[in-house]
Amino acid sequence: MAEIVMPRLSDTMEEGVLSRWLKKVGDQVHKGDVLAEIETDKATMDLESFEEGVLERLLVEAGSTVSIGTAVALVGDGSGADEPAARDDSSAPDLSSPPSVQLAQPLPAQAQTSALKPPAAPVPTAQDGRFRASPLARKVARDNGIDLATVTGTGPEGRVVRADITDAIAAARDAHAAAHPESAAHPEFPGQTRAHPTSSVGGAAPAPTPHTTEGDERIPLNNIRRITAARLTESQAVPHFSLTMVVDAEKLLAFRSQVNATLAAAGGATTGEATTGGAKISVNDLLMRAAALTIRAHPHVNSSWAGDSIVRHGRINVGFAVAIEDGLMVPVVTDADRKTLSEISTETRALAARARAGKLKPDEFSGGTFTISNLGMFGIDEFTAVINPPEAAILAVGAASPQPTLRDGQLINVPTMKITLTVDHRVLDGATAAAFLRDLTHVLEEPLRIVV
């Protein structure tokens, strides 16, 4: 009997949500068949089978959060799967026959959690004072004052995962609310009391409790939003500084119009925001290539912090921030310095569309060495972007707007835009970052250099 396990689908993935089964018990499966959809911290991806045989058993319910390496299904010869020895038969549902009935009649939420999780392994001994736990679980435990020794791990070989810590926090809050009923000012959030703002689970400072009134909606975090929040919080610990320069964008915008007119003439008429028969170059496309070319002359900027070393990347892979409903995605254009404007434009449009659809592949959002975040299309004049760890720098781009400028003795309006470079000070010093930003500004102000 072969196990189908939760794979690691991104470099930051610790666990995934098995959002939907696409096969049912009894189906014949072949290598490469898509068994289920998995929601990771970056996108929704397919879980493919590496086994041949009959799908004997589903070990987790759709919607379950599962740590990497945990078995989610069994594939055999069709003779049927024996019940795992460690499974509690009195409470676990038989998902093998018939699957449609089992999945259509879900157990209450609490019962599902206990019944459908993989059998919990014994808590590892703490002879050396250490416990098996994922980095995210350790962080959440530390932030909430949870002692790992008191938590039963449900991950592989008893590893403690984030969901175990979340359950422990909820249990502690319930116990606290039961012991102090007078402090339950908000029964919908037991344990989060306003009567004792300094009380906490395990002694740690509790997260601020938002004031709620009738009509407020509590929206659970999905995986992407949760990981986005964790990553951005992590980036705030990076010692950083920001530099801003003003770009005279008159030539850049004129160059963009000229390029698009040429493309339109070659490929068809321009209609609204789209150019039929060919790509339309955006300001962001120009920025992507200009930044990539400038990085080539400033290789120090193309680096990442690796804890005990600095990695200077050989390839220039530029990511660009895309806001989606569930969070923030950063698709990556690899070798951006070696691609033409049209290639970059075509690629960024396709990547952005797949990001919004949650269909990015791992290699399309991994391996970035520099990131651009552009809010100019929203009319934002200037902002500071948050570093995308472990990259050394990120460029924030504001809107191009007319500014009174003295030119040849006359005061005229000139379109300008502000670009702000946020830098990991562990990797780059001020002078190095300033030289890069200065040269990038010069390239943008002489846009022929972007294509020559």
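In this predicted model, Val 60 is buried, its relative accessible area being 1%. This value falls below the 20% limit under which a residue counts as buried. Val 60 is located in the loop that runs between β6 and β7, the latter covering residues 64-67. Between the C-alpha atoms of Val 60 and Thr 70 there is a separation of 9.7 Å, the two residues being 10 apart along the chain.

The strand before this loop, β6, spans residues 53-58 and is mostly covered, with 6 of its 6 residues buried. Strand β6 belongs to an open sheet of 4 strands, arranged in the order β1-β8-β6-β3 with antiparallel pairing. The edges of the sheet are formed by β1 (2-5) and β3 (28-29), each of which pairs on one side only. In general, the strands of a sheet pair through backbone hydrogen bonds, in either a parallel or an antiparallel manner.

The pairings can be followed across the sheet from one edge to the other. Strand β1 pairs with β8 (residues 71-76) in the antiparallel sense, over 4 bridges; within this pairing, Ala 2 has Val 75 of β8 as its bridge partner. Strands β8 and β6 also run antiparallel and are joined by 4 bridges, and here Arg 57 is partnered by Leu 74 of β8. At the other edge, β3 and β6 pair in the antiparallel sense over 2 bridges, with Val 54 of β6 as the bridge partner of Gln 28.

Elsewhere in the chain, helix α8 comprises 16 residues, 341-356. The distance from its first C-alpha to its last is 22 Å, close to the 22 Å expected at 1.5 Å a residue. Its buried residues are Leu 341, Ile 344, Ser 345, Thr 348, Leu 351, Ala 352 and Ala 355. Viewed down the axis of α8, these buried residues fall within an arc of 140°, so they line one face of the helix. An α-helix has 3.6 residues a turn, so positions three or four places apart point the same way. Just after α8, Gly 358 adopts a positive phi of about 70°.

A search for aromatic pairs gives a count of 1. The ring centres of Phe 370 and Phe 436 lie 5.8 Å apart with their planes at 70°, so the pair is edge-to-face; planes over 60 degrees apart are placed in this class. Phe 370 is part of strand β18 (residues 370-374) and Phe 436 is part of helix α9 (residues 430-445), so the pair ties together parts that are 66 residues apart in sequence. Both Phe 370 and Phe 436 are buried.

Taken as a whole, the chain contains 10 helices and 21 strands. Of its 452 residues, 44% are buried. Among contacts between residues at least 6 apart in sequence, 63% join residues at least 24 apart. The exposed area of the chain is about 22700 Å², of which carbon and sulfur atoms supply 54%.

Key: Residues numbered from 1 in each chain as written. Predicted model: local features only at pLDDT ≥ 70, side-chain atom pairs only at ≥ 80, totals over all residues. Heavy atoms only, no water. Expected span 1.5 Å × (residues − 1). Buried < 20%, exposed > 50% of the residue type's maximum accessible area, 1.4 Å probe, protein only. Arc of directions from axis to C-beta. Pairing = 2+ DSSP bridges. Contact = heavy atoms within 4.5 Å. Areas by Shrake-Rupley, 256 points an atom, 1.4 Å probe, with all protein chains shown as cover. Phe/Tyr/Trp six-rings, centres within 6.5 Å; stacked < 30°, edge-to-face > 60°.
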